[in-house]
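The following paragraphs explain a protein model, moving from its interior to its surface. Please keep the sequence and the coordinates at hand while reading.

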Amino acid sequence: MAKIDDSVKKKVPKLRFKGFTDDWEERKFDECFNFPVSTNSLSRALLNYDEGDIKSVHYGDILIKYPAILNIKNDKIPYITGGKLEKYKSSLLENGDLIFADAAEDETVGKAVEVNGLTEENLVAGLHTIVARPKDKKAEFFLGYYINSNTYHRQLLRLIQGSKVSSISKGNLQKTLVSFPKDFEEQQKIGAFFKKIDDTIALHQRKLDLLKEQKKGYLQKMFPKNGAKVPELRFAGFADDWEERKLGDYVIIRSGWSPSNFDINNNANNLFIKVDDLNYSTRVQKESQVKVNILSKYKKMKKSSTIFPKRGAAIMTNKVRMLGEDSYMDTNMMALEPKGIDPEYLYTFINKTGLYKIADTSTIPQINNKHIEPYLLLIPSLEEQHKLGSFFKQLDETIALHQRKLDLLKEQKKGFLQQMFV
């Protein structure tokens with residue numbers, strides 16, 4: 001690929017495959033597309049995933065589930081319950097059709113998918129959708145990625161209607177402009193390029209999902225089930241029953257503060273963690289915290305403590321993390337400093353248990369000392385704790401690695417979408 005000199009005012013993208021220099025063509029939407037089929041208004045209740053003759057694309061799936069290219073063979077599309085071909089024959093879709101979601105609660109309104117992979121299947125578009133069919137043949141995948149790029153989508157943002165629910169109409173779609181390379185081969189290269197990125201993203205997502213499922217299975221099998229004294233799956237060399245103990249006997253409970261006199265300073269040595277920082281990773285990392293100059297009278301939470309929110313909705317989402325180094329925390333958080341228990345085992349146990357089981361959730365969810373101290377846990381020998389903690393730490397690190405790769409790929413795709421379309 002080659003970057004284009006911005007000083008040359010041409011109708012071309014910033015980033016382009018070598019060998020292509022012509023201006024892209026810009027045309028009105030209604031010159032490029034027509035609206036050949038009607039859509040249905042069937043609710044979810046009238047669809048099923050088990051059997052049927054007609055598949056129907058629901059707008060909600062376009063918004064949150066399907067990628068830019070809707071692969072009929074691979075993507076899960078529901079059937080119309082009791083749908084008959086005779087009734088929907090005039091509404092059947094073709095490969096290359098674009099299906100727009102014409103309503104959403106946010107700026108995703110207008111997201112679209114390009115139909116791909118149809119052979120003998122019967123496919124129609126459903127509730128809150130608009131179908132646009134290109135009048136002239138375009139390369140496979142090109143339109144699906146172009147229509148969902150910010151380059152095109154920002155035109156829709158000026159045309160959406162509604163307050164609580166945003167919508168886009170056929171009439172407003174027709175007011176937009178569409179840009180594309182005249183050379184069919186360039187369209188092919190662009191479409192194939194983004195499809196390859198999406199396939200790679202999907203591969204990494206499947207690996208990540210598999211790892212998370214494996215972890216879930218290990219957590220179920222490597223801790224005793226209710227009423228049992230030993231787990232179903234165990235490291236070799238361990239045979240003794242696990243013992244029931246109070247959590248308060250193995251931790252020092254610490255609470256955070258909200259100091260009023262500190263300055264954010266990236267050159268300082270102190271890290272200050274807020275509840276929002278718990279969104280970043282399994283183990284709190286430096287880049288997810290601010291550095292502060294802080295009064296020495298406040299106590300730091302020790303490295304390897306398990307930390308979590310102690311009040312509010314975040315308890316229900318189980319935002320449990322482990323400190324990577326001694327840090328300060330705000331008043332909405334609690335730390336469990338290990339005392340005679342392996343830190344990684346403690347973290348894994350709290351993560352597995354779920355904060356909602358420990359907390360008082362009768363009104364506003366909250367956790368304090370009286371909830372932590374009497375809570376019962378089954379605990380093996382210190383050596384077995386260490387093996388379990390190390391095993392799940394390694395698994396978490398592998399999951400985090402795949403998550404970082406996935407996030408990087410998505411960011412790269414976002415950058416290419418911004419630079420490779422006009």
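In which strand is the place of L336? L336 belongs to strand 24, which spans residues 333-338. The model is a predicted one, in which local features require pLDDT of at least 70 and side-chain atom pairs count only at pLDDT 80 or more, whereas totals for chains, interfaces and linings use all residues. Residues are numbered from 1 along each chain as its sequence is written, and side-chain values use heavy atoms, with hydrogens and water left out. Helices (DSSP runs of H or I, at least four residues) and strands (runs of E, at least two) are numbered from the N terminus.

L336 is a buried residue, because its relative accessible area is 0%. The classes used here are buried (under 20% relative accessible area), exposed (over 50%) and partly exposed (in between), with a 1.4 Å probe and protein chains only. The areas themselves come from the Shrake-Rupley method, and for residues only the protein chains shown count as cover. The surroundings of L336 can be described through contacts, meaning heavy atoms within 4.5 Å. Not counting residues up to four places away in sequence, L336 touches L247, V251, I252, I253, S305, T306, F308, L346, I350 and I372. For one of these partners, S305, the C-alpha atom is separated from that of L336 by 5.4 Å, although the two residues are 31 residues apart along the chain.

A second buried position is D61, located in helix 2, residues 59-64. D61 counts as buried because its relative accessibility is 4%. Leaving aside neighbours within four places in sequence, the contacts of D61 are R44, Y49, Y66 and P78.

Helix 5, residues 150-157, contributes several buried residues, namely T151, Y152, H153, Q155 and L156. Against which elements do the buried residues of helix 5 pack? Their partners are helix 1 (29-32), helix 4, helix 6 (170-173), strand 15 and helix 11.

Charged pairs come next. A salt bridge is defined as a side-chain nitrogen of Lys or Arg within 4 Å of a carboxyl oxygen of Asp or Glu, and the structure holds 18 of them. R27 takes part in one with E31, where the closest N and O atoms are 3.8 Å apart. E31 is partly exposed, since its relative accessible area is 39%. R27 also forms a salt bridge with D136, the closest N and O atoms being 3.6 Å apart. Because R27 lies in strand 3 (residues 25-28) and D136 in the loop between strand 13 and helix 4, this pair ties together parts that are 109 residues apart in sequence. D136 is partly exposed, at a relative accessible area of 37%. Together, E25, R27, E31 and D136 are linked in a network of salt bridges.

Another salt bridge joins R234 and E384, with the closest N and O atoms 2.8 Å apart. This pair links distant parts of the chain, 150 residues apart: R234 is in the loop between helix 7 and strand 16 (243-246), and E384 is in helix 11, residues 382-419. Is each partner buried or partly exposed? R234 is partly exposed, with a relative accessible area of 21%, while E384 counts as buried at 3%.

Two loop residues deserve attention for their backbone angles. Most residues other than glycine have a negative phi. H128, however, has a positive phi, near 55°. H128 sits in the loop between strand 12 (123-125) and strand 13 (129-134) and is partly exposed, with a relative accessible area of 36%. The phi of F141 is likewise positive, near 80°. F141 is found in the loop between strand 13 and helix 4 (142-147), and it is buried because its relative accessible area is 12%.

At the surface, D22, D23, D183 and E185 form a negative patch. Patches are made of residues with over 30% relative accessible area and no salt bridge, like charges being joined within 9 Å; Asp and Glu count as negative, and the place of a charge is taken as CG of Asp or CD of Glu. D183 lies in the loop between strand 15 (177-180) and helix 7 (184-221) and counts as partly exposed at 36% relative accessibility.

Finally, A313 is located in the loop between strand 21 (306-309) and strand 22 (321-322). A313 counts as exposed because its relative accessibility is 60%. A313 and S38 are 275 residues apart in sequence, and their C-alpha atoms are 43 Å apart in space.

Terms used:
Patches are made of residues with over 30% relative accessible area and no salt bridge: like charges are joined within 9 Å, nonpolar side chains (Val, Leu, Ile, Met, Phe, Trp, Tyr) within 5 Å. Accessible areas come from the Shrake-Rupley method with a 1.4 Å probe; for residues, only the protein chains shown count as cover.
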